[in-house]
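Notebook open, coffee poured. I want to look up how the helices pack, what surrounds the ligand and how the domains meet.

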Amino acid sequence: MNQYDWGPIREELSADVIVVGGGPAGMCAAIAAAREGVQVVLVEQGGSCGGMATQGMVGPFMTCYDRKGETMIIRGLFEEIVDRMVERGYAIHPSGVHAGTGFTSWIVLGHDHVTPYEPEGLKLVIDEMLEEAGVYILYHTSFLQPVLEVNTLTGILVSSKRGLDFIRGKVVIDCTGDGDVAVRSGVPYEMGNEELGLIQPATMFFHICNADEAAMEADIQANLHNFYRKDGVNYRSFHWRVSEAREKGDWNLKRVSLGLFRMPKPDEWCVNTSRLMGVDSTDNESLTRAEIDGRRQAEHIMHFLRKYVPGCENIKLKATASHVGIRESRHIRGDYRLTAEDLLSGTVPQDSILLAANSVDVHGRFGPTSNEYVAIGGDYYGVPYRSLIASGVEQLLIAGRCVSADSTAAGAIRVMPPCMAMGQAAGTAAAMAVKEKLTVREVDIHTLRQTLRERNVYLG
Ligand SMILES: Cc1cc2nc3c(=O)[nH]c(=O)nc-3n(C[C@H](O)[C@H](O)[C@H](O)COP(=O)(O)OP(=O)(O)OC[C@H]3O[C@@H](n4cnc5c(N)ncnc54)[C@H](O)[C@@H]3O)c2cc1C
């Protein structure tokens, strides 16, 4: 079969700014642009915003503080979202959350001031903020194809149950995590780390409830002497229990320890432990196998937890994620490619649109069980606006996990607070371009940074 009947393509929608993907980056891009007074359409293939934060059940929000843990440096929309969630009991404010506790899976390095939160609360808060800002939300709608005039994006084709729609737009922001719009527009990209031929492993998150925090904590305290070893493997909590289970044939996963992160309620924990190698999130067959294998691994981990981890004897499986967690896929090429060296040396380019201090967190580079965690040199680094401008096309910005960075640098800025900050900057810049009839490349960086500062973004 080489012909399809999609029916007529409807052309009912037009917007100043089209945001594709409603994950941490996309939801903030849409809110930021709409608050600047332009018309925004948000296209999301799932039934809620949040991406990995909701559908992927990833958590907590990684640190938003500087390396010393003294100053909250990711603010703006991220802080507003957190405040709204805290007010309604859906999150714990990062100022009161410390490294070396159950909230950080007892990890110390780079984990001070994370934000534990409830994904269900995030869905509600984001719907509310999008509606308040006047964003036209299209859930259950997938990006299909860009429409270009020469090399300028003029809109996108989307598909849904009712067929095909053409949405005309003046600026498109690609927040798909995989850079779908950019790739189909011909922008160059790198898949994972092409030099090493590796993609970071994926993880099926799941949540448990009915855990006894005090008993878990007591086991950690009794084993603090061998808690954190640095021999190429960054051991996390309960590796002594994993070793015991492996010896007895009750552990067959390519992980040497557990990622158990306490959620706002003390008996509920987020489990970041399954390991799925070689998953290509741009291939539905690869994703399908990962979902099935991920759920199988979740059950294996449940059996292990009940049998080996004190305090988990009576746990229940609350939910597995509806989308397997994707750490890495395509890194889209922008006008600037952020490097690991930029981050580790604490470089703050003049066109920085956010500051962050997240460590480089790369899994699986030295074998399936490895986990590199490298803290940065300075107090923070900057992400330049040029990394958000897609190379070789006009009117396309990229924000979030697929932003222009090398694989190692992406291993740091892929966490949710920087992704939200990138989204806010991209949305603000897109609105400025529309209002001033400029291309996104012509946006005045001084005015953009000034506007972001006025919107509570910390730029030093
Ligand atoms: C295992 C794992 C552990 C992690 N741990 C943490 C952590 O502890 N703390 C932290 O802060 N971060 C963590 N992260 C990182 C973080 O969750 C992601 O990198 C971040 O969510 C990326 O945000 P994003 O908006 O770029 O993409 P995503 O969250 O992937 O969102 C992309 C959105 O785009 C939509 N979309 C994709 N393609 C299309 C299309 N063609 N059409 C329409 N919609 C589309 C998707 O449905 C999704 O909603 C972790 C990630 C993983 C996988």
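**Entry 1: the C-terminal helix pair.** I started with α10 and helix α11 (residues 445-454), whose axes come within 10 Å and cross at roughly 125°. That angle makes α10 oblique to α11, since it falls outside the 65 to 115 window for roughly perpendicular and is not over 145. I also looked up the handedness: α10 passes α11 in a right-handed crossing. On the α10 side I noted Ala-425, Thr-428, Ala-429 and Met-432, and these meet Thr-447, Leu-448, Thr-451 and Leu-452 of α11. Sorted by class, this contact has 5 nonpolar and 3 polar residues, with no charged ones.

Note to self: this is a predicted model.

**Entry 2: another helix pair.** Next I pulled up helix α1 (residues 24-35) and helix α3 (residues 119-133), which pack at an angle of about 25° with their axes 8 Å apart. That makes α1 roughly parallel to α3, because angles under 35 degrees count that way. The crossing of α1 past α3 is left-handed. Who does the touching here? From α1 I jotted down Met-27, Ala-30, Ile-31, Ala-34 and Arg-35; from α3, Ile-126, Met-129, Leu-130 and Ala-133. The class split for this contact is 8 nonpolar, no polar and 1 charged.

**Entry 3: around the ligand.** Then I went to the ligand shell and asked myself which residues come nearest. Out of 36 residues around the ligand, the answer is Gly-21, Gly-23, Gly-51, Gly-177 and Gly-400. I then checked which elements give two or more residues to this shell, and got α1, β4 (142-149) and α10 (416-435). Of the elements, α1 gives the most, with 3 residues. So both of my helix pairs have a member on that list, as α1 and α10 are on it. By class, the shell comes out as 16 nonpolar, 14 polar and 6 charged residues.

**Entry 4: domains.** Last, I zoomed out. How is the protein chain divided? Domain 1 takes 10-96 + 113-196 + 328-454, while domain 2 is 206-320. I looked up the spacing too, and the C-alpha centres of the two domains lie 29 Å apart. For the contact between them, I have 18 residues of domain 1 against 18 residues of domain 2. The side of domain 1 that touches domain 2 has 9 nonpolar, 6 polar and 3 charged residues.

Terms used:
Residues numbered from 1 in each chain as written. Predicted model: local features only at pLDDT ≥ 70, side-chain atom pairs only at ≥ 80, totals over all residues. Axes fitted to C-alpha atoms, helices over the stretch in contact; angles between N-to-C directions. Helix = DSSP H or I, 4+ residues; strand = E, 2+ residues; numbered from the N terminus. Left-handed = near helix turned anticlockwise from the far one by under 90°. Contact = placed C-beta atoms within 7 Å. Nonpolar A, V, L, I, M, F, W, Y, C, P; charged D, E, K, R; others polar. Near = placed C-beta within 6 Å. Domains from an automatic or database assignment.
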